[in-house]
Amino acid sequence: MSNILEKMQEDLYNGRAEEVEAAAQKALDKGTPVQEILNEGLIAGMDVVGRDFRAGDLFIPEVLIAAKAMHAGLEVLRPLLAESGVPAQAKVVVGTVAGDLHDIGKNLVAMMLQGAGFEIVDLGTDVSPEKFVETVRAEGAELLGMSALLTTTMPSMKSTVEALTEAGLRDEVKVIIGGAPVTASFAEQIGADAYAADAAAAVDTARSLVA
Ligand code: B12
């Protein structure tokens, strides 16, 4: 791995947003593939943050600062991740479920879907089942992508699927879910159409769902 990406991981860990941003630009200027910067720089750095947070070596303020640095790096990559030239495909409503404020993974998925030509309606975080249903209806969305990073907020995915059914919209929209604690069997259990483990898989899965 290049020194730039190694240093980027370290800067991300330490929450140095300006350095991460500059490193992302520098790596791009040197011709490093955008996927490599994403996976070996930003995501790899965030993995270490997650590990140390779990171990109790990092605390929420530090994780938040690291998350800000990750966002700064992602912003540099955004135009490339979202580069399409492909005409807009199906409309996708995305959001993080009620009670959950984690948005890095959701944003990444949204960027990659946009890059694949999907039109994105991003509801942000802490999105209630009612809000999802309302937006799917108003936008005539073909896909709904929900993210949850907490085991305690996963049930809100189920409530949303149920709310779609109650609203008579379940047959109009395909539901895809993801987030670190989410699994394919959970997706099946709650009646979602699909699960994807990461942003690249989300694109493949979304494509096959609307095909
Ligand atoms: C950053 C972070 C935070 C930041 C969030 C900042 C932000 N803007 O997002 C802050 C500090 C705010 C935070 C807060 C909390 N956090 Co936190 N956080 C994390 C951390 C370290 C990284 C998450 C992340 O961004 N990963 C990087 C992204 C790229 O990965 P990802 O989210 O998994 O997304 C990928 C896939 O999952 C998938 N995907 C994601 N969404 C979707 C959606 C669709 C549709 C699809 C198809 C795919 C998909 O694709 C993505 C890209 O590849 C994780 C640890 C971890 N390793 O997951 C803990 C973690 C998720 N947090 C945890 C906890 C406990 C909390 C708090 C409750 C802490 C507290 N005591 O207050 C609060 C809850 C706040 C709330 N109400 O939401 C726990 C959850 C435990 C559990 N099983 O429930 C974790 C696992 C850490 C741990 N082991 O203890 N956190």
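**Exercise 1. Count the helices and strands in the chain, then find how they are ordered.**

Step 1: The chain has 9 helices and 5 strands, where helices (H or I, at least four residues) and strands (E, at least two) are DSSP runs numbered from the N terminus.

Step 2: Walk along the sequence and you get α-α-α-α-β-α-β-α-β-α-β-α-β-α.

Before going on: this is a predicted model, where local features need pLDDT of at least 70, side-chain atom pairs count only at pLDDT 80 or more, and totals for chains, interfaces and linings use all residues. Residues are numbered from 1 along each chain as its sequence is written.

**Exercise 2. Work out how the strands sit in the sheet, and which stand at the edges.**

Step 1: The 5 strands form an open sheet with parallel pairing, in the order E2-E1-E3-E4-E5. Two strands pair if DSSP finds at least two bridges between them.

Step 2: Look at the ends of that order: E2 (119–122) and E5 (194–195) each have a single partner strand, so one side of each lacks a neighbour in the sheet.

Step 3: Now zoom in on E3 (residues 143–147) and E4 (residues 174–178), a parallel pair with 5 bridges. Gly145, for instance, has Ile176 in E4 as its bridge partner.

**Exercise 3. Find which strands helix H9 lies across.**

Step 1: Helix H9 (residues 199–210) lies across E1 (91–96), E3, E4 and E5.

Step 2: Check its direction: H9 runs at about 170 degrees to E4, with axes fitted to C-alpha atoms (for helices, over the stretch in contact) and angles running from 0 to 180 degrees between N-to-C directions. Contact means C-beta atoms, placed from the backbone, within 7 Å.

Notes. Two residues are in contact if their C-beta atoms, placed from the backbone, lie within 7 Å.
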